[in-house]
Amino acid sequence: MKNLIYNSLLSMLIFTSAVHAQEKSNDFKPEVTPAGVYLNVGAVPQKGERVIVWRNTGKGFETVASLNAASTKAAFYQRMQNQAMRFPDYYHVTEQVAGNLWDMIQSGKQDSIRNAGIPVVLLAMGAAFLDTTANLPAGTRYRVQLGNRKWDSEEIGDKPLKVAYDQIVFHQLQPAQEAIRAEWRLLRTQQSPLLEVQRQRMGIDSNFVALKTDLGFEKTAKGDSISVHLSDTTVLAGINYQYYLTGKDYLGRVISRSDTVRSFAGNRATVAGLKNLVTREAADSSGIELLWSKPAANSIRSIRVFRSAYYDSAYVQVAVLSATDTSWVDRTSAMGINYYYQVIAQGDGDFAIPSLRVFGSYMNNSRLMPPSEITVAAVEAGTALNWKYQSYLNLLGFRVYRMQGNTGKFEAISDLIPARKDSLVFSYLDKNPASSGDQSYTYAITAVGRNDKESPLSGIVQSNVSEKGVLPVPLQVRSLQLDDDKISITWQDMSASNPSVTGYHVYRKAIGADSVKGFVRLTTQAIANANEFEDAPGRQNAWQYVVRSVSYADSSGYSLPVGVRIYGAKPLPPGRVHAVSQKSSVVLDWDGTQIPGIGTYQVYRASVGAEPALIGSVPYSEKKHTYEDKNVSGGELYFYYVTTKTLDGVESDRSREISIRPR
């Protein structure tokens, strides 16, 4: 299939390129490809000429290649074969195509071939260069010389190639007994030189794999689009498959991609995907509202809503709705965060087609998260602060707060610092002369949302001087979780460089307090001859720790804080959950677990249009792994799953979900 596309497009581009031929500019940009850095040098060497390629990685230009024209048709064909091996999509070059190209070159049509821009051909002509050197810096540049003419390239850069997600549109899916047939559509003006289907067998493959099955192509009735047809005859009944179609350029780089679709081999009827899915802010500003057209099929048993913070992965089910619903409000979403949604009309046998993915977000009076990774450094002009923020969505700017020492009151020292959209790294210079003197200052920063609400104060930082300018502040404070309950706090021993330091005090506070006043000293006596402290703070909160150096008569300022949260080990969920319908009840049983520390099995149930809810808690037993749900209605569809919960309150992921209609 790839060879067919390659040869047909090759001929088409070559014989039509004379119509679109343009003069090449001396400014040219190297292209980073899976095979190396590709350089179209912008010139075709004639017989007896050589194109010299230089490279500068920051240490000056050096010669890396000397390009010349092929001397014979056989040599040109051999070059094309050798270069085609570097590009996985060009795995075969025919002698006939190479001969046609050679005849065009001999008749003086080199510029027409060059303007077609096919890398394998240009490399064989000596009009392009492929640098296979690994790990070249982003600032690498090239220089090309032909005779007395020289021209320099742009830097190779480090920006990834932008992938278009709106050019290839999934059209329909038709599962059969021994095959899965899919169709995608794309505008003829947006057709990529190469098309490739990626497939994943759910529960078997960890990643998508390129499918070698040939594709079919046809023009649509209007003639403005191309239909791409897949007939996957390698499927096995009973296995779920996921597919998406990618478009690649001649360098083998992905430049467009469709949505992912899922199907099930085995000749079961499918339910069409929901249409006209849109999002908007809820009327009461409490979340994101999703709306879609009423489904036409009568075989729909439920509608399921999936959400993710990423476009193409990590989707999680957030709602199960009735088959007649046409809207739903997501009130668990966070203000100012981008979410992606996909809605599935669930048919018989867990067989469905997902909707297109849509984006949604909303604003209300909630506060943003505070900035992170704050650093402070003394510079000649004052005290420099730097920090990062996770997103500029709904972000208006920042304010910097300062207090003298570490026991005073925070006061704003800056006007609103506008948030730039070209970077998520920000800075501020405190020009107060006292800030770089002997006095210690503590800083914190807030994020200001577009609703003019300020976030809580960030974690604090201090200028690296003690309050009295004598004892050094401990550096390199770190945390290490020793077991399920205990953590270790360590720091650099400052007594090695300052003999006045006789010991250390350690302080702790729950994260979320807006001031350093929340710190509580944990050490009754200063820690001497050591730079480690062990603590068991509990799992109810996240914590911050700071350390102070002490002497017989003095103490330093606080160190930079280190954050800690203790997580218990997450148990495995129960295996092989079964459900049996009894008269007026449903009996569940599952495989127990032998992992120590399990306290209970938690049983959850959902019905059509309702969220899952905890309906029972079964005490752990090595023999009994059953639960009877007596609160059911005959003929109603129910969904069940079970989790394990440790004695410390840590709950596992869900077991496999099962459904049943009691008699």
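**Reading strand 19 of a predicted model**

Me: Which residues on the faces of strand 19 are buried, and how do I read that word?

Reply: Buried means under 20% relative accessible area, exposed means over 50%, and partly exposed lies in between (1.4 Å probe, protein chains only). Here Ser-302, Arg-304, Phe-306 and Ser-308 are buried on one side of strand 19, and Ile-303, Val-305 and Arg-307 are buried on the other. Strand 19 spans residues 302-308, and 7 of its 7 residues are buried, so the rest of the structure largely encloses it.

Me: What kind of model is this, and how are residues numbered?

Reply: It is a predicted model, where local features need pLDDT of at least 70 and side-chain atom pairs count only at pLDDT 80 or more, while totals for chains, interfaces and linings use all residues. Numbering starts from 1 along each chain as its sequence is written, and side-chain values use heavy atoms, leaving out hydrogens and water.

Me: How many helices and strands are there in the protein?

Reply: Both are DSSP runs numbered from the N terminus: helices are H or I with at least four residues, strands are E with at least two. The protein has 5 helices and 45 strands.

Me: Which strands pair with strand 19?

Reply: Two strands pair if DSSP finds at least two bridges between them. Strand 22 (residues 339-346) runs antiparallel to strand 19 and is joined to it by 7 bridges; Tyr-340 there is the bridge partner of Ser-308. Strand 20 (residues 316-321) also pairs with strand 19 in the antiparallel sense, over 5 bridges, and its Leu-321 is the bridge partner of Ile-303.
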